[in-house]
Structures are given as C-alpha cells and as structure tokens.
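Visitor: I would like to learn how to read a structure like this one, feature by feature. Where do we begin?

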Amino acid sequence: MSIRLGVAPDAALLAEAVAAEFLRLASEAIARHGAFRVSLAGGETPRTAYERIAATWRKAPGGAIPWDRVHLYWSDERMVPRDDPRSNFGMARAALISRVPIPAENVHPVGIDAANPGAAAADYEQTLRAAFAGESKALPRFDLILLGMGADGHTASLFPGAPLLDEQARLALAARHPETGEPRVTLTLPVINNAAATIVIASGGAKTAMLDRAVRGTGRREGEPLLPIERLRPASGILLWMADAAAAPWAASLVYRVTTYC
Ligand code: 6PG
C-alpha cells in the first residue's frame, strides 16, 4: 500500500492544508455525483481546520461550495449535551456549522443518550442506512471520513482491545472511553474502510511515535495485535495522513510520497 503523507511546517499550516483537501474533495464529489457526504472527526485537532474551511469555502478550486449539497455526519460522538465543551458536534457547530450557509436538514449529529448509547448507536445506524439507501452496496460509502488519532492508537472511538474492532455488520456501535468510562457512539471499521477518501489528522509531538508506527510500522512487534489506527485499510479509497512537522519529524527521511505543504 503506498503511503500518502502530507506534512505541514506547523499546526496553522496543517489546518490550511486540511481545509484545502476538504474543499478539493467537496468540489470533486459534488461535480461527480451532486453531493458531498463527509464524516467529521472529533477531538480538538480539527477545530482550526474547520474554521479555515468556514473562512475559505468561497474560493474552493471548483468555485464556492454549494452547502445545500453537503451533508455532515460524525465519525464518533461523546454522549454529552451538545453545549458541553466535550461535544464533537458542539465543536463543529462553533467552528464550522454556525459560519457557513448549510441547511439544518443537512447536518446529521449523533443522538445523545448517555443512559443508553446502544440505542443512540442503533438510531445513528438507521440515519446512515436511510441516507445511503440509494447505494448499491450495503455499506455507506462516505466521500470523505475525517479522523483524529490518539497517542494510544485509537481513532474515532475505536480504542485498543475493544471487541467492537472486529464488528463486521453494524455501522455504528456504543463505545466507552477506557480511562474515563465516558459513553460514546462510533462508526465501525467496515464503514470507515469503505470511504472514498479518509484523512487522518495528527498534530504535535505527543502523536509522533504513534504516527510513525501507524504510517511506517515503526515499533510494532511481530504478532502484536494491530491497534485501531493500524486497521485503517480502505477497501478502494485513498488514505491520506496529514500531520505537522512536530508529529512527523521522521518524515524528512521518507524519500517518496511525502507532500510538503509550505
Ligand atoms: C474523540 C475523537 C478522537 C480524537 C483523538 C485525537 O471524540 O475524542 O474522535 O478519536 O480524534 O482522541 O484527539 P485530539 O485531536 O484532541 O488530540
């Protein structure tokens, strides 16, 4: 599998680069099939990229983005109120949704049910099945899935050792943060690996070792179970790793397929 890695000098330029890729993929998807269905990453890293999308969408390569053709979903969500600072929806609403003319009916947040995240996951699965009902395949095929990565190798709310990593049928499942016990809902690997494009965003020195392992296999021991981030294997889509220099200082040694965003 060829490595597609983009490295920006710093976090601000990484956000610009992610925004540019988002807008490029949006323009292409809308030109190709009239819509852009994207699953947003949670956590803190994507915030600035969402702000840059909101600031630059009028100058997208294919012209201003027609937001009525864009549908937003989430790769995972914490079962907290939407105005809680931990909410992935809340972060995207502040950084992107409140700043662009996207119709409310095009925004598809995960339902919040802290007492029964399994029900919230089943409900979200129905939302996905209805939204992608016209597709020939059973699995939804997002035009883009954005993901972050934890230093422990988790992505979305797929944590190391979780049984749901082996799920093959469900599209979304309840999850629990291994340290805080926080209830969550996450997309499953079959959906994630069926995307036309997946972008993993990593910023900062805390992610250096895990990104090196995920991208180049550095430090992985023979026979060790693959971490969630290592199980990103798009069936037929592209997987693009996008990092700043702090997260990928080792990239300078790669002699191929490294795009440097200046
Ligand atoms: C979440 C995310 C999670 C996140 C990583 C990185 O809801 O927490 O989906 O997978 O992307 O933990 O988080 P940071 O961007 O805050 O480092």
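**Salt bridges, ligand and hairpin**

Guide: Begin with one charged pair: Arg86 and Asp84 form a salt bridge, and their closest N and O atoms are 2.8 Å apart. Keep in mind that this is a predicted model.

Visitor: What is the general idea behind such a pair?

Guide: Side chains of opposite charge can pair when their charged atoms come close. In this structure the count comes to 18 salt bridges.

Visitor: Is Asp84 buried or exposed?

Guide: Asp84 counts as buried because its relative accessibility is 17%, and the cut-off for buried is under 20%. Its partner Arg86 has 41% and therefore counts as partly exposed.

Visitor: Which residues are linked with Asp84 and Arg86 in a network of salt bridges?

Guide: The network links Asp76, Asp84, Arg86, Glu182 and Arg184.

Visitor: How many residues apart are Arg24 and Glu21 in helix 1?

Guide: They are 3 residues apart, about one turn of the helix, and both lie in helix 1, residues 11-33. Their side chains meet in a salt bridge with an N to O distance of 2.7 Å. Glu21 counts as buried because its relative accessibility is 12%. Arg24, at 27%, counts as partly exposed.

Visitor: Where do Asp212 and Arg216 lie?

Guide: Both are in helix 6, residues 208-216, and they are 4 residues apart, about one turn of the helix. Asp212 forms a salt bridge with Arg216, with 2.7 Å between the closest N and O atoms. Asp212 has 9% relative accessibility, so Asp212 counts as buried. Arg216 is partly exposed because its relative accessible area is 35%.

Visitor: Let us turn to the ligand. Which residues come nearest to the ligand?

Guide: Thr45, Asp76, Arg78, His154 and Ala156 come nearest, of the 14 residues around the ligand. That shell divides into 2 nonpolar, 7 polar and 5 charged residues. One of the nearest residues, Asp76, also belongs to the salt-bridge network described above.

Visitor: How should I read the polar contacts of the ligand?

Guide: Look for N or O atoms within 3.5 Å of each other. The side chain of Thr45 has an N or O atom 2.6 Å from an oxygen atom of the ligand. For the side chain of Arg78, the corresponding distance to a ligand oxygen is 2.7 Å. Arg184 has a polar side-chain atom 3.3 Å from an oxygen atom of the ligand. On its own the ligand has 420 Å² of accessible area, and the protein covers 85% of this.

Visitor: Next, the strands. What is the general pattern of side chains along a strand?

Guide: In a regular strand the side chains alternate between the two faces of the sheet. Here strand 6, residues 172-176, pairs with strand 7, residues 183-187, in the antiparallel sense over 5 bridges. Ala174 has Val185 in strand 7 as its bridge partner.

Visitor: How many residues are between strand 6 and strand 7 in the hairpin?

Guide: There are 6 residues between them, and Gly181 in the turn has a positive phi of about 75°.

Visitor: Finally, where is Gly205?

Guide: Gly205 is in the loop between strand 8, residues 197-202, and helix 6. Its relative accessible area is 51%, so Gly205 counts as exposed, the cut-off being over 50%. The C-alpha atoms of Gly205 and Pro140 are separated by 34 Å, and the two residues are 65 residues apart along the chain.

Terms used. Residues numbered from 1 in each chain as written. Predicted model: local features only at pLDDT ≥ 70, side-chain atom pairs only at ≥ 80, totals over all residues. Heavy atoms only, no water. Near = heavy atom within 4 Å. Polar contact = N/O pair within 3.5 Å; in protein donor to acceptor, adjacent residues only side chain to side chain. Areas by Shrake-Rupley, 256 points an atom, 1.4 Å probe, with all protein chains shown as cover. Nonpolar A, V, L, I, M, F, W, Y, C, P; charged D, E, K, R; others polar. Salt bridge = Lys/Arg side-chain N within 4 Å of Asp/Glu carboxyl O. Helix = DSSP H or I, 4+ residues; strand = E, 2+ residues; numbered from the N terminus. Buried < 20%, exposed > 50% of the residue type's maximum accessible area, 1.4 Å probe, protein only. Pairing = 2+ DSSP bridges.
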